[in-house]
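These are my notebook entries on a structure that is new to me. I set down what I looked up, one topic at a time.

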Amino acid sequence: GRYRSSLRHHTTHTFALAHRTNMLRIAQSQSASILARRSAATATATSKRRALSTKSPGPLDGDAGAAATHVHHAMTTFLAVATPAVFMVPDSWTDGFVDKAFGILVAVNVSAHSWVGLNYVVTDYVPKVSKSLLGLARIVTAGIGAVTLLGLGRIAVSSEGGIKGAVKGLWSPKKKEAEQ
């Protein structure tokens with residue numbers, strides 16, 4: 001009797017534990033399935049928003065099409081390779097024309113890169129708030145890109161040492177401190 005009671009208790013306990021474990025596995029797989037569906041739905045919605053337009057992209061659609069993505073990646077690569085190279089070269093090699101030309105290239109690349117990148121953000125997030133704000137948001141990103149271009153362009157052309165000199169100046173001591 002005692003052995004059967006103990007065996008029955010052990011079997012019941014083992015069955016209950018196996019049942020709980022299976023229920024946990026089912027709940028976990030359902031949660032994973034729900035998350036996967038939500039993730040896929042979000043990705044599909046984003047790609048549909050980008051592809052919904054049957055008209056050709058407007059002048060403010062910096063993220064429209066494969067060409068925009070290719071240009072965006074080319075600008076990123078240029079900035080990642082050229083900027084450290086120019087900053088490591090001695091100032092005597094880059095004074096004058098090279099500084100101005102490099103500064104203008106950086107100004108154009110940084111402003112275009114930020115404009116295209118912000119358009120990706122606008123495409124992904126503004127329609128979640130209001131689709132009617134999409135055009136205004138694109139105008140704002142174009143304005144940010146234009147102000148960036150004008151500001152960096154002015155530094156590149158008018159500032160002593162161009163962009164390279166301005167960036168180096170952030171870590172150089174002030175003239176008054178250096179004279180004392």
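Before the entry on what covers helix 2, I fix one term: contact means heavy atoms within 4.5 Å. I also record at the outset that this is a predicted model.

**Entry 1. Overall make-up**

I began with the elements of the protein and found 7 helices and 0 strands. Read from the N terminus, their order is α-α-α-α-α-α-α. I then looked up burial, and 19% of the 180 residues count as buried. The accessible surface is about 13000 Å², and carbon and sulfur atoms hold 67% of that area. For the contacts with a separation of 6 or more, I noted that 74% are between residues 24 or more positions apart.

**Entry 2. Helix 2**

Helix 2 covers residues 65-88. I looked up its span: its 24 residues reach 36 Å from the first C-alpha to the last, close to the 34 Å expected at 1.5 Å a residue. Which residues of helix 2 are buried? I listed Ala68, His72, Met75, Leu79, Ala82 and Val86. The cover over these buried residues includes helix 4 and helix 6.

I then took one residue of this helix, Val86, for a closer look. Val86 has a relative accessible area of 15%, and the cut-off for buried is under 20%, so I entered Val86 as buried. Leaving out residues up to four places away in sequence, Val86 touches Phe102 and Lys164. I also noted a separation of 8.7 Å between the C-alpha atoms of Val86 and Asp99, which are 13 residues apart along the chain.

**Entry 3. Helix 4**

Helix 4 runs over residues 97-129. With 33 residues, helix 4 reaches 47 Å between its first and last C-alpha, close to the 48 Å expected at 1.5 Å a residue. I looked for a bend and found a kink of about 35 degrees, centred on Val122.

Ser111 lies in this helix, and I asked whether Ser111 is buried or exposed. Its relative accessibility is 6%, so Ser111 counts as buried. What does Ser111 contact, leaving aside neighbours within four places in sequence? I recorded Gly145, Thr148 and Leu149 as its contacts.

**Entry 4. Helix 6**

Helix 6 spans residues 162-169, and its buried residues are Gly162, Ile163 and Lys164. I looked up what these buried residues pack against: helix 2, helix 3 (91-94), helix 4 and helix 5. Lys164, which appeared above as a residue that Val86 touches, is taken up again in the next entry.

**Entry 5. Salt bridges**

How many salt bridges does the structure hold? I counted 2.

In one of them, the side chains of Lys164 and Asp91 meet at 3.2 Å, N to O. Lys164 lies in helix 6 and Asp91 in helix 3, so this pair ties together parts that are 73 residues apart in sequence. I compared the burial of the partners: Lys164 counts as buried at 2% relative accessibility, whereas Asp91 is partly exposed at 36%.

Asp91 also forms a salt bridge with Lys168, where the closest N and O atoms are 2.9 Å apart. This pair links distant parts of the chain as well, with Asp91 in helix 3 and Lys168 in helix 6, 77 residues apart. Lys168 has a relative accessibility of 32%, so I entered Lys168 as partly exposed. Through shared partners, the salt bridges join Asp91, Lys164 and Lys168 into one network.

**Entry 6. A nonpolar patch on the surface**

Last, I examined the surface and noted a nonpolar patch of about 820 Å². The residues that make the patch are Leu118, Val121, Tyr125, Val129, Leu133, Leu136, Ile139, Val140 and Ile144. Which elements give two or more residues to this patch? They are helix 4 and helix 5, the latter spanning residues 134-158. Ile139, one of the patch residues, is found in helix 5.

Notes: Residues numbered from 1 in each chain as written. Predicted model: local features only at pLDDT ≥ 70, side-chain atom pairs only at ≥ 80, totals over all residues. Heavy atoms only, no water. Patch = residues over 30% accessible without salt bridge, like charges linked within 9 Å, V, L, I, M, F, W, Y side chains within 5 Å. Areas by Shrake-Rupley, 256 points an atom, 1.4 Å probe, with all protein chains shown as cover. Salt bridge = Lys/Arg side-chain N within 4 Å of Asp/Glu carboxyl O. Helix = DSSP H or I, 4+ residues; strand = E, 2+ residues; numbered from the N terminus. Buried < 20%, exposed > 50% of the residue type's maximum accessible area, 1.4 Å probe, protein only. Expected span 1.5 Å × (residues − 1). Bend = angle between axes of the 7 residues up to and from the residue.
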